[in-house]
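Open the model in your viewer and keep the sequence panel beside it. This tour suggests what to select at each stop and then says what is there.

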Amino acid sequence: MATLQARRAANKEGSIYSVKTGFKQIFMDARLAAITLQAVQLVTPILIEANALATLHVLRCLETDGAVPKLDQTFFSNCMYAVTHATGKQAVQFNVDKDASLAASHSLYSQELPPAHQQPERPTFLKDILNAASLMARINFANHAATNFSSRMLHWIRLHLKQHIYFAVLEYKLVKSWPKFVCRAFTEGLNNIWDLLPRYTSLAQPPAATMDYLEYLVATVQSLIGPLPVTDGFLQRQPESYLPWLHMVLLDFHDVQDAPHAPKLFTMLPQSSNHTQFITISSTSLHKLQVWTDCLRLPQEGRQAAKPSLPIKTAGGSTTQTASNLASEQSPADADSNIRAYLTNTWFSLHALLDPGRKALFTAVVHSQQAADSLHGGRLCQSKYASLSWSCSRWREASGIKFRLQKAELWISRKPALDAALKATPTAKVASSAKFLQHIRHRMQHTAAAQAHYGDRRHRQLRWRIFIKRQQAYSAICKTINGGSSETVVAYGDAKFSSSCCEGNPSTPTVSLRRKLGNCCQVYDTDEFRKSKLCCACKTAMDGMPLPPLGNSRRHAPDLF
């Protein structure tokens with residue numbers, strides 16, 4: 001694809017797809033594979049140090065005048081150039097005069113590096129790979145800001161509403177509703193926030209003193225938060241505009257860390273882990289690597305055909321390649337109309353109602369007309385619904401998550417000094433540049449040893465093995481639900497909660513499960529009321545109707561309907 005916009009449009013239409021395979025299946029030439037692995041090993045420390053420098057620079061800007069520069073691809077590229085030493089015939093070093101403010105942050109950053117620290121090398125052939133990495137850093141930062149903005153706002157609002165006596169004595173349901181009301185008033189930039197109150201049927205008009213307090217709180221935040229109204233599109237385009245406000249939120253979170261149920265801290269910019277990072281190799285980068293290793297020995301007219309049209313991502317253990325689907329496909333509108341007509345005129349052999357959850361990955365019930373008839377009118381259940389369920393522990397076992405954690409813990413336990421050093425690393429979730437420098441000072445002392453440990457072959461193979469097990473687990477779930485038929489209709493519960501929002505429970509892949517099911521059967525999102533409250537037999541709301549067990553079998557779960 002010629003441009004990023006064209007690739008996004010093709011991805012939305014379903015005309016491109018990704019194929020993930022082993023590293024040696026793509027890089028079959030030994031010399032090309034060796035230089036690709038070298039590129040992966042060189043880019044990983046560059047990304048770690050560049051993200052640390054970018055975060056330090058942003059914190060310094062927020063502490064001085066509050067003006068944050070535009071954190072675009074050029075900014076992240078300059079950070080990568082600043083922390084590296086260029087080598088090669090056409091080597092380009094970091095220009096200090098071009099960005100004096102970033103140069104000052106880099107000077108402060110360099111003073112915290114250990115004496116034996118060596119700058120990462122930046123050979124000439126890494127230029128296009130680092131350009132793609134800087135673009136990905138910009139995308140990650142935008143996603144980091146847009147994805148978490150609403151939840152951080154809600155936590156900040158709850159923190160302030162708890163200090164008011166009116167909200168301190170409310171029941172739990174109303175305590176959750178008021179922050180959503182105030183958050184919506186913030187982000188929509190309303191002049192009169194009470195115009196929103198009729199939309200929240202569970203909320204009543206508070207006393208006059210409380211109304212004045214809420215109006216003052218909303219007006220104060222609207223003057224500080226940034227451009228209004230706050231939309232996902234604007235957060236993606238200009239996320240740096242909201243960094244001053246997020247910095248104030250982080251400061252408030254730091255002040256209450258000693259209190260019970262304190263909100264979680266966060267980093268201003270996403271940080272890179274010590275694991276081997278994926279690099280993006282475009283058609284131009286791959287061609288340069290081939291020429292560099294003298295692996296490409298084709299006539300001039302054949303070279304263009306040998307170059308792939310879409311990028312490849314690899315971390316040395318696996319390779320993800322994007323390909324074009326040249327086969328003619330139905331348009332989304334025609335496909336949707338055909339599906340709806342099929343639903344109207346055809347009785348499917350299998351209907352399933354699926355409820356994603358926190359403590360269990362999902363619980364599904366397969367439709368049975370006999371079971372529905374036996375429930376109608378409050379009669380005792382004579383026929384059962386077939387139920388399916390995967391607990392979180394079963395998912396973690398089948399997808400290899402438990403195995404990966406056990407292996408990683410075993411390998412790091414054999415290096416007690418490195419394990420103790422990594423556990424003692426100061427947090428990067430700070431609002432002060434001085435505290436973040438402590439994080440840099442400690443981390444850079446052990447970065448080389450950590451990268452040597454997590455970047456070895458066994459960790460790369462473990463990552464690839466766990467990916468295979470995860471895909472096998474998804475396939476087993478899909479076959480269990482659809483019964484091997486692509487004509488199965490699944491009503492998927494569209495509950496609006498995060499996969500990891502329940503404290504004490506491991507995260508579950510609710511979004512990716514919805515995507516995987518959509519590839520193998522007909523999936524329709526169903527709102528929470530129709531999935532959990534409405535009876536499938538009489539179509540009326542249920543009040544927790546008890547059902548007796550049949551023999552030694554498990555009891556029905558009417559709440560699923």
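How many helices and strands are there in the protein? There are 22 helices and 11 strands, where helices (H or I, at least four residues) and strands (E, at least two) are DSSP runs numbered from the N terminus. Before going further, note that this is a predicted model, in which local features need pLDDT of at least 70 and side-chain atom pairs count only at pLDDT 80 or more, while totals for chains, interfaces and linings use all residues. Residues are numbered from 1 along each chain as its sequence is written, and side-chain values use heavy atoms, with hydrogens and water left out.

With the whole protein in view, buried residues make up 42% of the 561 residues; buried means under 20% relative accessible area, exposed over 50%, and partly exposed in between, with a 1.4 Å probe and protein chains only.

**Helix 3 and helix 4**

Select residues 30-64, which form helix 3, together with residues 73-82, which form helix 4, and you will find that their axes come within 8 Å and cross at roughly 115°. Such axes are lines fitted to C-alpha atoms, for helices over the stretch in contact, and the angles run from 0 to 180 degrees between N-to-C directions. Where the two helices meet, Ile46, Leu47 and Ala50 are among the residues contributed by helix 3, and Phe75, Phe76 and Cys79 are among those from helix 4, contact meaning heavy atoms within 4.5 Å.

**Ser272**

Next select Ser272, in the loop between helix 11 (243-255) and strand 4 (279-281). Is Ser272 buried or exposed? Ser272 counts as buried because its relative accessibility is 11%. Not counting residues up to four places away in sequence, Ser272 touches Leu47, Ile48, Asn51, Gln277 and Arg443, so add these to your selection.

**Strand 8 and strand 9**

Now move to strand 8, residues 360-366, which is largely enclosed by the rest of the structure because six of its seven residues are buried. Six bridges join strand 8 to strand 9 (residues 386-391), and the two run antiparallel; two strands pair if DSSP finds at least two bridges between them. Select Phe362 as well, and look across to Trp390 in strand 9, which stands opposite.

**Phe467**

Finally, select Phe467 in helix 20 (residues 457-482), which counts as partly exposed because its relative accessibility is 22%. Add Ser399 to the selection: the C-alpha atoms of Phe467 and Ser399 are separated by 8.0 Å, although these residues are 68 residues apart along the chain.
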